[in-house]
Amino acid sequence: MKNKLRIGLIGSKFMGRAHSNAWKKAGLFFDIPLQPVLQMVCARHENSLHEFAEQWGWQQTETDWKKVVSNPLVDVVDIALPQHLHYEVALAAAREGKHIFCEKPLAMNSRQAEEMLRVCEEHRVVHYLNHNYRRTPAISLARRMIDEGKIGRIFHWRCAYQQDWIVDPEFPLTWQLRAETAQAGPQWDLNSHAVDLAHYLVGPIATVSGLTAQFVAERPLADESSSGNLQADALGDAKGKVTVEDAALMLVQFENGAVGSFEATRFATGRKNALSFELYGSKGSLKFDLERMNELSFYSAEDPEGCQGFRTIQTTEASHPYAAHWWPPGHIIGYEHSFVHAAVDFVRAVDSGTAIEPNFASGVQILKVLEAGL
Ligand SMILES: NC(=O)c1ccc[n+]([C@@H]2O[C@H](COP(=O)([O-])OP(=O)(O)OC[C@H]3O[C@@H](n4cnc5c(N)ncnc54)[C@H](O)[C@@H]3O)[C@@H](O)[C@H]2O)c1
């Protein structure tokens, strides 16, 4: 019988569901050294929390996060809260010696992130920052191909993260649209993922310039108790000010000399969760689009003349990262699988006492780029 790893999840809406699913599936599809146990879940609204716990199989519920963090039955604190709460919860968890699985963006600013990193190191806990897209088979494969030299020297990075969930000016003023709870708009929410991928695939960023825009200045106040999966109801007719940007663009130069662009918006009508990148090198190029997440496009300048062109790799072969644990070749996987892969790698890191990436150090570097861009 395996030793247990008891999880205390804080936050039970969009990410709460994605994480609950990941902890449940990790040991079913992967051979992991510890068995995750859904020990305790915490959120603000007691009634919906009980329903959530019953549905997903959480053993206990709690409405005060401090009681989760200090509970001796909890080994891992899983932070699925809006980012204004990450700092306080992570510091308290590390001081209790709990390992931390934290949603992105890591914090409100790099100063908070640096302190979170320092306290985790001081208390020797494993810290993980959930930029889950790294763990799609296609993006992991992209990294492997770059490491193998198939792309050569990288010249260009071009990334767009486009959504459209707030184009309607009547969409209410949820926590994601207020600076006191979100810090920034797509620059924090979407470009944090994009910068993580750029760091992972191209390398550290040296210089940044940026541009932001706001398209809707006021929105109806939101009923936060009903929000979840990027939907929310308005409280009534009263309106409040939107205090974050609606679109954020950056031009960057990497330390290795490559140049790049980033475009993040919640106003790309028709684009739901379109994270795409292209990278161009001396020996080849790669293209990825999250809305076709099982595919990676590859151009090799080393292909024989006359039959060169972008080919589509279906990343579902047993030789592709993570893929052997799911289905036979061609039987595709989805969004939620990247969270399962994160849970699997996190459990292995806790068991072996080794670091996992991205982590709070990665979060510090990402936030420094995002701050420079703003
Ligand atoms: N990795 C990804 O792809 C991804 C996707 C979406 C969101 N996120 C990140 O995950 C985090 C959570 O986002 P979400 O979309 O799940 O938000 P959400 O609004 O859907 O859920 C937030 C949860 O936090 C709980 N909460 C808020 N304040 C609380 C408090 N004081 N005490 C206890 N519980 C409290 C709410 O009750 C709710 O259950 C954010 O930092 C966001 O940026 C990551």
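**Exercise 1. Locate Pro358 and describe the peptide bond before it.**

Step 1. Pro358 sits in the loop between helix H10 (335-352) and helix H11 (360-373). Helices (H or I, at least four residues) and strands (E, at least two) are DSSP runs, numbered from the N terminus. This is a predicted model: local features need pLDDT of at least 70, side-chain atom pairs count only at pLDDT 80 or more, and totals for chains, interfaces and linings use all residues. Residues are numbered from 1 along each chain as its sequence is written.

Step 2. Glu357 and Pro358 are joined by a cis peptide bond, with omega about -5°.

Step 3. Lys104 to Pro105 is also a cis peptide bond, with omega near -15°. Pro105 lies in the loop between strand S5 (99-103) and helix H5 (110-122).

Step 4. Most residues other than glycine have a negative phi, and most peptide bonds are trans.

**Exercise 2. Find where Gln183 and Tyr322 lie, and state whether each is buried or exposed.**

Step 1. Take Gln183. Its phi is near 75°, a positive value in a residue other than glycine. Gln183 is in the loop between helix H7 (179-182) and helix H8 (186-189).

Step 2. Count neighbours. A residue is buried if 20 or more other C-beta atoms lie within 10 Å of its own, exposed if 12 or fewer, and partly exposed in between; C-beta atoms are placed from the backbone. Gln183 has 24 other C-beta atoms within 10 Å, so Gln183 is buried.

Step 3. Take Tyr322. It is not a glycine, yet its phi is positive, about 70°. Tyr322 is in the loop between strand S16 (311-314) and H10. Tyr322 has 21 C-beta neighbours inside 10 Å, so Tyr322 counts as buried.

**Exercise 3. Give the strand order of the open sheet of 6 strands.**

Step 1. The order is S3-S2-S1-S4-S5-S6, with parallel pairing. Two strands pair if DSSP finds at least two bridges between them.

Step 2. Strand S3 (60-62) and strand S6 (127-130) are the edges; each pairs on one side only.

Step 3. Look at one pair. Strand S2 (residues 34-42) and S3 pair in the parallel sense over 3 bridges. Val41 stands opposite Thr61 in S3.

**Exercise 4. Name the domains and describe their contact.**

Step 1. The domain assignment, automatic or from a database, gives domain 1 (3-132) and domain 2 (137-292 + 294-333).

Step 2. Their C-alpha centres lie 24 Å apart.

Step 3. Contact means C-beta atoms, placed from the backbone, within 7 Å. By this rule, 13 residues of domain 1 are in contact with 17 residues of domain 2.

Definitions and conventions
Contact = placed C-beta atoms within 7 Å.
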